[in-house]
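Welcome! Here are a few exercises to help you find your way around a new structure, each with a worked solution to follow at your own pace.

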Amino acid sequence: MSSPEEHHELGPSTLKYVEICPGYRSSNETNQFAEEGTMLHSAAETGKLDGLNDEQVRCVRTVLDYVKKLDANAKEIHKEMRVEVVYREDGSSIFGTVDLVIVMDTHAFIVDYKFGYGEVDDADINIQIQAYTKGIFDKFPDLKTATAVLLIPRRDELLEAEYTREDMVDVGMR
């Protein structure tokens with residue numbers, strides 16, 4: 001599990017706001033929703049459901065059931081993977097932590113869990129999942145395609161977008 005000191009000031013989770021306002025900076029302050037999200041991410045990573053209420057257990061089980069379906073064909077499984085995202089030719093980069101990366105030969109599933117109630121941009125325009133996808137393509141040079149997945153259990157939503165390595169040129173230009 002990532003700790004706050006392992007988060008980049010302008011990581012992928014802040015890119016939507018930076019794209020709107022380049023001067024945006026996260027306060028890094030915590031609140032009850034952020035703390036619950038951290039707890040649920042930890043439960044999804046470890047499979048330990050102790051201390052969760054019924055709704056939280058349902059959310060984590062939704063994630064675990066989805067992951068189980070992908071595990072059978074996985075060549076590699078990476079939970080809480082730190083990913084560097086190079087966004088300039090001079091090598092400037094940011095980094096973030098992807099909840100789950102499953103590599104299947106030349107295809108990968110890049111999964112981000114969203115445990116909140118709020119609306120999330122579709123995966124084909126979501127700058128956070130696009131940044132993670134670019135970072136995964138850079139990290140795994142044999143990948144040709146990827147499915148970017150936003151799993152939102154409280155909204156019963158599964159948002160997916162298919163990407164090719166060639167698509168990352170446009171993603172890098174955002």
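**Exercise 1. Compare the end-to-end reach of helix 2 with the span expected for its number of residues.**

Solution. Keep in mind that this is a predicted model. Start by locating helix 2, which covers residues 32-46 and so has 15 residues, at an expected 1.5 Å a residue. From the first C-alpha to the last, helix 2 reaches 21 Å, close to the expected 21 Å. To finish, look just past the end: Gly47 follows helix 2, and its phi is positive, near 80°.

**Exercise 2. Find the buried residues of helix 2 and say what covers them.**

Solution. First, pick out the buried residues: Glu36, Gly37, Leu40, His41, Ala43 and Ala44. Next, look at how they are arranged: these residues lie on the same side of helix 2, because they cover an arc of only 160° around the axis. Then see what lies over them. The cover includes helix 3 (54-71), together with strand 1 (76-86), strand 2 (93-104) and strand 3 (107-113).

**Exercise 3. Describe how helix 2 and helix 3 pack.**

Solution. Begin with the geometry: the two axes are 9 Å apart and the packing angle is about 45°. Helix 2 and helix 3 are therefore oblique to each other. The crossing of helix 2 past helix 3 is right-handed. Now turn to the residues that meet. Helix 2 brings Glu36, Met39, Leu40, Ala43 and Ala44, and helix 3 brings Gln56, Val60, Val63 and Leu64.

**Exercise 4. Is Thr46 buried, partly exposed or exposed, and how far in space is Thr46 from Leu64?**

Solution. Thr46 lies in helix 2. Its relative accessible area is 46%, so Thr46 is partly exposed. For the distance, go from C-alpha to C-alpha: Thr46 and Leu64 are 9.8 Å apart in space, while 18 residues separate them in sequence.

**Exercise 5. Work out how much of helix 4 is buried, then look at Thr133.**

Solution. Check the length of helix 4 first: its 13 residues should span 18 Å at 1.5 Å a residue, and the end C-alpha atoms are indeed 18 Å apart. Now for burial: helix 4 is mostly covered, with 11 of its 13 residues buried. Among them are Ile127, Ile129, Tyr132, Lys134 and Phe137. Thr133 also belongs to helix 4 (residues 127-139). With a relative accessible area of 0%, Thr133 is buried. Setting aside neighbours within four places in sequence, Thr133 is in contact with Ile110, Ala146, Ala148, Tyr163 and Met168.

**Exercise 6. Is Glu119 buried or exposed, and how many residues separate Glu119 from Glu157 in sequence?**

Solution. Find Glu119 in the loop between strand 3 and helix 4. Glu119 is exposed, since its relative accessible area is 72%. Glu119 and Glu157 are 38 residues apart in sequence, and their C-alpha atoms are 9.8 Å apart in space.

**Exercise 7. Step back and describe the whole chain.**

Solution. Count the elements: the chain has five helices and five strands. Read along the sequence, they give the pattern α-α-α-β-β-β-α-β-β-α. Next comes burial: 45% of the 174 residues count as buried. Last come the contacts between residues at least 6 apart in sequence, of which 61% join residues at least 24 apart.

How values were computed: Residues are numbered from 1 along each chain as its sequence is written. This is a predicted model: local features need pLDDT of at least 70, side-chain atom pairs count only at pLDDT 80 or more; totals for chains, interfaces and linings use all residues. Side-chain values use heavy atoms; hydrogens and water are left out. Helices (H or I, at least four residues) and strands (E, at least two) are DSSP runs, numbered from the N terminus. Buried means under 20% relative accessible area, exposed over 50%, partly exposed in between (1.4 Å probe, protein chains only). The arc is that of the directions from the helix axis to the C-beta atoms. Contact means heavy atoms within 4.5 Å. Axes are lines fitted to C-alpha atoms, for helices over the stretch in contact, and angles run from 0 to 180 degrees between N-to-C directions. Angles under 35 degrees count as roughly parallel, over 145 as roughly antiparallel, 65 to 115 as roughly perpendicular and the rest as oblique. A crossing is left-handed if the near helix is turned anticlockwise from the far one by less than a right angle, and right-handed if clockwise.
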